[in-house]
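Please read the following walk through the structure with the model open beside the text, turning to each element as it is named.

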Amino acid sequence: MVCVPRSRGVAAVALFALLLCVPAVRAEETADLPYHQQKNVVYAEVHGVGLLLDIFTPRSQPNGLGIVDVASGAYHSDRGKIRDHKRARMFDIFCSRGYTVFAIRPGSIAKFNGPEMLENVNRGIVWVKEHAREYQVDPDRLALLGASAGGHLACMAAVSAADAKARTRVKAVAVFFPPTDLMNYGGFKIDISGDDQLAQSIRRLITPKGSETIDADRLDELRTAFSPARLVKPGLPPFLIIHGTADFMVPIQQSRVMVAALQKADVPVKFIIKEGGGHPWPTIHEEVELMADWIDEQLK
């Protein structure tokens, strides 16, 4: 069964909840970690604010390949998002296979809007490529990952680097339950021109500061420009998208429209549907293993 909002009200509540919070995945920390963690590396400076990433290098033999992980949930990038990815065993799984993982924190909605966070993701990708030799990874064979808001930003980074020669181009993109179409969320167009809390939250995501009185047509333009499903072009790298059927935060419809757009553009895409999966689900590490298998195929 595909769980998507049955009314505009439910869709609005779901999207508003996504902008506010994302529940953590429950799992115990592993005592013998397969990685070394380097915390709070500054990868860029914006308006005097340092942007940070953590680097997870494998204890075992490195395979020479890198993962760029966009650590953002509900468009927040506090350290708790790194812990969420640890609980999903992302770093354990990838580092045990020899990958070096760069967990980028692109900033939070309290400081940056969506397009600015996207620009910060792109800064992070460029930093990784510029430091690839230092960390013994191939800059031309990077995979880009993300979940929820991080998945949205990862998709945006990929579709905005359609040119194969773009500095932010990656070899593969793999995401969990990403918002992809802000114009059609759960099958409905949500009115964001009003003064309710949801409308204000979405406007804060897509508009520059000081644009509170922007007109409805311009809001639609900005929503479209921040909807990766509407920006897909031929020639993009392959995608893997994983989504649960019981996700009430981001309806599975959001992944379906992205998959359809990629297929229409003849971009390779694999879609894994998790029956009964929420946002997220307790055994998501099993799908992280599937993601790692897929990335092995794309990069090796």
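Two strands are taken to pair if DSSP finds at least two bridges between them, and with that cut-off in mind the reader can turn to strand β7 of this predicted model. Strand β6, residues 172-176, pairs with β7 in the parallel sense over four bridges, and within this pairing Phe176 stands opposite Ile242 of β7. On strand β8, residues 269-274, the link to β7 consists of six bridges, and these two strands likewise run parallel; here Phe239 stands opposite Val269 in β8. The path from β7 to β8 can also be followed through a helix, for β7, helix α8 (residues 253-264) and β8 together make a right-handed β-α-β unit.

How many of the six residues of strand β7 are buried? Six of the six, across residues 239-244, are buried, so the strand is largely enclosed by the rest of the structure. The side chains and their directions fit this description, since Phe239, Ile241 and His243 point one way from β7, while Leu240, Ile242 and Gly244 point the other way, and all of them are buried.

From the strand it is natural to pass to the nonpolar interior. The largest nonpolar core has 63 residues, and those with the most contacts inside it are Trp127, Phe239 and Met258. Helix α5, residues 149-159, supplies the largest share of this core, namely eight residues. Apart from this core lies another, of 33 residues, which includes Phe94, Val101, Ala172 and Ile272. Met258 shows how the largest core is knitted together: leaving aside neighbours within four places in sequence, Met258 is in contact with Cys155, Val159, Thr180, Pro228, Ala229, Val232, Phe239 and Ile241. Helix α5 itself is mostly covered, with 11 of its 11 residues buried, and among these buried residues are His152, Leu153, Cys155, Met156 and Val159.

The aromatic residues offer another route through the model, which holds nine aromatic pairs. In one of them, the rings of Tyr35 and Phe91 have their centres 6.3 Å apart and their planes at 80°, so the pair is edge-to-face. This pair links distant parts of the chain, with Tyr35 in strand β1 (residues 35-46) and Phe91 in helix α3 (residues 90-96), 56 residues apart. Tyr35 and Phe91 are both buried, and together with Phe56 they form one aromatic cluster.

A further pair leads back to strand β6. The rings of Phe176 and Trp281 have their centres 6.1 Å apart and their planes at 70°, so this pair, too, is edge-to-face. Because Phe176 lies in strand β6 and Trp281 in the loop between β8 and α9, the pair ties together parts that are 105 residues apart in sequence. Phe176 and Trp281 are both buried, and Phe176 is the residue that stands opposite Ile242 in β7.

The loop between β8 and α9 (284-299) also contains Pro280. Is Pro280 buried or exposed? With a relative accessible area of 17%, Pro280 is buried, because the cut-off for that term is under 20%. Pro280 also brings together separate stretches of the chain, as Pro280 and Ala147 are 133 residues apart in sequence and yet 9.1 Å apart in space, C-alpha to C-alpha.

Terms used. Residues numbered from 1 in each chain as written. Heavy atoms only, no water. Buried < 20%, exposed > 50% of the residue type's maximum accessible area, 1.4 Å probe, protein only. Right-handed = clockwise from strand over helix to strand, strands pointing away. Core = buried A, V, L, I, M, F, W, Y, C linked by side-chain atoms within 4.5 Å. Contact = heavy atoms within 4.5 Å. Phe/Tyr/Trp six-rings, centres within 6.5 Å; stacked < 30°, edge-to-face > 60°.
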